[in-house]
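Student: Could you take me through one part of this chain in close-up? I would like to look at the charged side chains and where they sit.

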Amino acid sequence: AVVSTQSTGDAKRKLRETVVMANKADLNKLTSTAFLLLAHIFVDIGNQSDALEMVKSAHEIANRIPDISLQIWSCKLLERLSGEQPDKVAEMRELREKLQGKLEREGEECRASPDNSLLQWLDSEFPSSCMSMV
C-alpha cells in the first residue's frame, strides 16, 4: 500500500501524542495499541529497528496488563520482524499459538457456562437452570 509521506508523518505524530496522553493517564491498553500501530507504520516505511522497538514495548505492556489480544498481535509482529532469526521466529510462533489456544479454550468455557444460557433463551423458553440467577 502506498501511503503519502505527509499522512504517514501525521499518523506517527498523532500516535505519539496518544502514547504521551495514555502514559499520563496510565492507560496501558491504549499505550500498547498505539505502539503496535506505530510499529505497523515503521514496517510500512521500511524502518525495521524502530518497528522492533515499538513492538517490544507493546509486548512488554501487554504481558504486564495482561491482555491476550495485544499479546497475540505483538507476537505476530515480532514473528514477522524476526525473519532472519529462525529461533526467534519459532519462539514467537509457539507463544502466539499457545495464546490463541488459550483464547479459544476460554471462549469454549464461556459458551459452555450456565450463565451463557441466559443469552440463548431468546429463541426458546426461559431455561430452568437460570431461575436461580434471576
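Tutor: Let us start with helix 5, which spans residues 86-112 and holds Glu-94. Keep in mind that this is a predicted model.

Glu-94 is exposed, because its relative accessible area is 59% and the cut-off for exposed is over 50%. Glu-94 has company. Together with Asp-87, Glu-91 and Glu-97, it makes up a patch of negative charge on the surface.

Now move to Arg-93, also in helix 5. Which residue forms a salt bridge with Arg-93? The partner is Glu-79, and the closest N and O atoms are 3.2 Å apart. Side chains of opposite charge can pair when their charged atoms come close. Glu-79 belongs to helix 4 and Arg-93 to helix 5, so this pair ties together parts that are 14 residues apart in sequence.

Is each partner buried or exposed? Arg-93 has 35% relative accessibility, so it counts as partly exposed. Glu-79 has a relative accessible area of 9%. Buried means under 20%, so Glu-79 is buried.

Glu-79 has another partner as well. It forms a salt bridge with Arg-96, with the closest N and O atoms 2.9 Å apart. This pair also links distant parts of the chain: Glu-79 sits in helix 4, Arg-96 sits in helix 5, and 17 residues separate them. Here both residues are buried, Arg-96 as well as Glu-79.

So far we have met two kinds of setting in helix 5. Glu-94 is part of the negative surface patch. Arg-93 pairs with Glu-79, and Arg-96 does so too.

Next, compare a pair within one helix. Asp-10 and Arg-13 join their side chains in a salt bridge, at 3.7 Å from N to O. Both lie in helix 1, and they are three residues apart, about one turn of the helix. Asp-10 is partly exposed, with a relative accessible area of 30%. Arg-13 is partly exposed too, at 41% relative accessibility. The pairing does not end there. Asp-10, Arg-13 and Glu-17 are linked in a network of salt bridges. The count of salt bridges comes to six.

Now step away from charge and look at the nonpolar side. The largest nonpolar core has 25 residues. Among those with the most contacts inside it are Phe-35, Leu-36, Met-54 and Val-55. Helix 5 is one of the elements that give two or more residues to this core, along with helix 1 (5-24), helix 2 (28-44), helix 3 (48-64) and helix 4 (68-81). Helix 2 supplies the largest share, eight residues. Thus helix 5 contributes to the core, and it also carries Glu-94 of the surface patch.

One stop on the way between helices deserves a look. Pro-66 is placed in the loop between helix 3 and helix 4. The peptide bond from Ile-65 to Pro-66 is cis, with omega near -15°.

Last, set the close-up in the whole chain. The secondary structure comes to six helices and zero strands. From the N terminus on, the elements run α-α-α-α-α-α. The chain has 134 residues, and buried residues make up 32% of them. Glu-79 and Arg-96 are both buried, while Glu-94 is exposed.

Technical notes: Residues are numbered from 1 along each chain as its sequence is written. This is a predicted model: local features need pLDDT of at least 70, side-chain atom pairs count only at pLDDT 80 or more; totals for chains, interfaces and linings use all residues. Side-chain values use heavy atoms; hydrogens and water are left out. Patches are made of residues with over 30% relative accessible area and no salt bridge: like charges are joined within 9 Å, nonpolar side chains (Val, Leu, Ile, Met, Phe, Trp, Tyr) within 5 Å. Accessible areas come from the Shrake-Rupley method with a 1.4 Å probe; for residues, only the protein chains shown count as cover. A salt bridge is a side-chain nitrogen of Lys or Arg within 4 Å of a carboxyl oxygen of Asp or Glu. Lys and Arg count as positive and Asp and Glu as negative; His and the chain ends are not counted. The place of a charge is taken as NZ of Lys, CZ of Arg, CG of Asp or CD of Glu. Helices (H or I, at least four residues) and strands (E, at least two) are DSSP runs, numbered from the N terminus. Buried means under 20% relative accessible area, exposed over 50%, partly exposed in between (1.4 Å probe, protein chains only). A nonpolar core is a set of buried Ala, Val, Leu, Ile, Met, Phe, Trp, Tyr and Cys residues joined through side-chain atoms within 4.5 Å.
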